[in-house]
Amino acid sequence: MVSYDEWMQQKLQRQTLIVDGAEVGIWCTPYTAGKKRVLLFHGIGGDRYGMVPLAAELARDYQVSIVELPGHGVSVEQSIANLAAMQMWYQRVVAACEKHSGAASYIIAHSYSCSFVCTETVSKAAVILLNPVPILSMLSRFYLYVVAYFPALIVPIYNSRLLTTIRTYYLTANSDSLGKQRLDWVGGHAASHAQIAYQIRLVYATMQGASEGREVEKSPDAILITSKDRMVKAGMNTPDMIALHYDTNKIISLPGGHLLPLEGPDVVAAVLRDSALLV
């Protein structure tokens with residue numbers, strides 16, 4: 001497996017942008033003339049580490065920037081009270097990134113972030129969604145209910161071996177040895193208790209509206225889903241059902257669970273190139 005710690009030290013540069021008075025962590029590969037830029041957005045509870053394996057694959061041909069959500073990674077917490085405020089955050093962050101580094105050619109969003117990038121007000125870039133969640137599964141709803149209403153119980157044990165094992169089993173599917181190594185590597189960079197508490201509040205404030213068939217203002221250019229994504233309501237993670245929520249004829253189903261950028265970053269990059277979704 002690639003030494004991602006070494007790759008980050010050599011290839012990723014931290015850039016801190018100020019958006020609405022708060023620092024947003026952006027991690028960028030070095031500028032190279034002629035290379036198109038790709039913006040990567042992770043999901044709730046993630047950070048740059050969860051997107052590094054995919055970034056390393058894409059960086060061979062593109063300039064890559066990983067954006068960390070508020071209260072994730074090195075990004076500072078922000079007061080985001082509802083869905084509209086979260087949508088505005090994405091819009092302003094993309095604008096700040098493009099002002100700082102030039103227009104993005106592609107935006108690739110994972111999971112939670114898929115609900116906020118399909119709008120013309122965010123960017124003119126092509127949009128690719130990984131593991132979108134149009135409707136949550138019953139077990140996912142129950143989990144979000146528990147963490148939202150009983151944070152005092154969940155936060156102190158969130159990073160425990162038991163809960164980490166349960167989350168890994170639930171979010172992934174049949175990972176090979178390299179996939180397991182990537183998951184273990186990311187697991188070694190756990191969020192702090194304060195960050196977990198904030199992330200729970202952020203989910204509570206915005207997730208319901210983002211995951212209940214929210215109207216998509218801009219058709220994504222492509223969607224990559226997986227056959228065993230347990231976050232999605234049973235029967236919903238098929239191309240035909242996803243097409244009911246997103247107006248695109250580019251829906252590609254791959255093996256795996258909900259953490260596609262970690263379970264198969266090489267497969268994702270190859271599919272995007274071979275399908276001429278990234279050119």
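Three short exercises on a predicted model follow, each with a worked solution.

**Exercise 1. Cysteines**

Find how many disulfides the model has, and check Cys 28 and Cys 118.

Solution.
- Step 1. Take the cut-off: a disulfide needs two cysteine sulfur atoms within 2.5 Å.
- Step 2. For Cys 28, the nearest cysteine sulfur belongs to Cys 97, 7.0 Å away. Cys 28 is therefore in no disulfide.
- Step 3. For Cys 118, the nearest cysteine sulfur is that of Cys 114, at 7.3 Å. Cys 118 is in no disulfide either.
- Step 4. The count is zero disulfides.
- Step 5. Add the burial. Cys 28 has a relative accessible area of 3% and is buried. Cys 118 is buried too, at 9%.

**Exercise 2. Two helices**

Describe how helix α1 (residues 4–11) and helix α2 (residues 48–58) cross, and which residues meet.

Solution.
- Step 1. The two axes come within 11 Å. They cross at roughly 80°.
- Step 2. Angles of 65 to 115 degrees count as roughly perpendicular, so α1 is roughly perpendicular to α2.
- Step 3. List the contacts. From α1 come Tyr 4, Trp 7 and Met 8. From α2 come Arg 48, Tyr 49, Val 52, Pro 53, Ala 55 and Ala 56.
- Step 4. Sort them by class: eight nonpolar, no polar and one charged.

**Exercise 3. A loop glutamine**

Place Gln 78, decide whether Gln 78 is buried or exposed, and find what Gln 78 touches.

Solution.
- Step 1. Gln 78 sits in the loop between β4 (63–67) and α3 (83–101).
- Step 2. Its relative accessible area is 13%. Buried means under 20%, so Gln 78 is buried.
- Step 3. Beyond four places in sequence, Gln 78 touches Val 19, Asp 20, Ala 22, Val 24, Pro 70, Trp 89 and Tyr 198.
- Step 4. Take Asp 20, 58 residues from Gln 78 along the chain. Their C-alpha atoms are separated by 8.6 Å.

Notes:
Residues numbered from 1 in each chain as written. Predicted model: local features only at pLDDT ≥ 70, side-chain atom pairs only at ≥ 80, totals over all residues. Heavy atoms only, no water. Buried < 20%, exposed > 50% of the residue type's maximum accessible area, 1.4 Å probe, protein only. Axes fitted to C-alpha atoms, helices over the stretch in contact; angles between N-to-C directions. Helix = DSSP H or I, 4+ residues; strand = E, 2+ residues; numbered from the N terminus. Parallel < 35°, antiparallel > 145°, perpendicular 65-115°, else oblique. Contact = heavy atoms within 4.5 Å. Nonpolar A, V, L, I, M, F, W, Y, C, P; charged D, E, K, R; others polar.
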